[in-house]
Amino acid sequence: MSSLQARAQELWSERTPGLDTSPMTVVALVNRISAVLDQAAEHLYDNAALTQAEARLIIPLRHLDEPITAAHLAAQLGMSRAGISKTLTKLEKRGFITRSSKPADRRSTLISITPEAEEAIDDLFPRELDAHAKLLAGLGSERDAVLSALTRLADALEAEVHGQHPA
């Protein structure tokens with residue numbers, strides 16, 4: 001947690017004594033980790049065909065055997081349908097994805113990536129993985145414990161959001 005965030009938490013606690021500000025610590029750390037991971041790969045996207053946000057959508061689609069609906073993609077990535085739709089529209093205009101009607105339900109649209117998207121992500125993703133691997137190397141033998149704790153955190157948060165409390 002940054003000193004500014006710590007000070008904000010301290011002030012909230014002082015000025016509203018009954019308020020539990022402890023969630024601020026977890027959220028600040030998660031946001032900090034996310035920001036550092038983005039910063040580590042940011043330079044890879046300076047002159048790339050895709051933005052980081054676009055790559056986040058293309059990466060999971062790269063090796064799928066069949067098209068996926070935008071709604072399913074949004075759910076799997078934990079993103080809003082509106083955000084996914086906006087990014088998909090940009091990708092479609094630039095020729096990185098195609099959309100087709102789902103045969104069983106013409107209201108649903110299937111998303112597929114194009115060879116241009118495959119080429120772009122095949123260039124970017126290994127370099128992004130390398131940048132992230134360098135950051136994570138410092139975890140050493142603690143990597144599995146950190147992964148386990150982060151998985152537990154993600155599962156608990158998703159269960160709360162979806163009203164399914166873990167046993």
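The legends below describe three close-up views of a predicted model, in which local features need pLDDT of at least 70, side-chain atom pairs count only at pLDDT 80 or more, and totals for chains, interfaces and linings use all residues. Residues are numbered from 1 along each chain as its sequence is written, and side-chain values use heavy atoms, with hydrogens and water left out.

**View 1. Surroundings of I111 in strand β3.** Strand β3 covers residues 105–113; helices (H or I, at least four residues) and strands (E, at least two) are DSSP runs, numbered from the N terminus. I111 has 2% relative accessibility and therefore counts as buried (under 20% relative accessible area; exposed is over 50%, partly exposed in between; 1.4 Å probe, protein chains only). Apart from neighbours within four places in sequence, I111 is in contact with L61, P67, I68, T69, A70, L88, I97, T98 and R99 (contact means heavy atoms within 4.5 Å). S100 is 11 residues from I111 in sequence, and their C-alpha atoms are 6.8 Å apart.

**View 2. T69 in strand β1.** Strand β1 consists of residues 68–69. T69 counts as buried because its relative accessibility is 16%. Not counting residues up to four places away in sequence, T69 touches K102, S108, T109, L110 and I111.

**View 3. Crossing of helices α3 and α6.** The axes of α3 (residues 52–61) and α6 (residues 115–136) come within 10 Å and cross at roughly 105 degrees. Axes are lines fitted to C-alpha atoms, for helices over the stretch in contact, and angles run from 0 to 180 degrees between N-to-C directions. The two helices α3 and α6 are therefore roughly perpendicular (65 to 115 degrees; under 35 is roughly parallel, over 145 roughly antiparallel, the rest oblique). A55, I58 and I59 of α3 make the contact with A117, I121 and F125 of α6.
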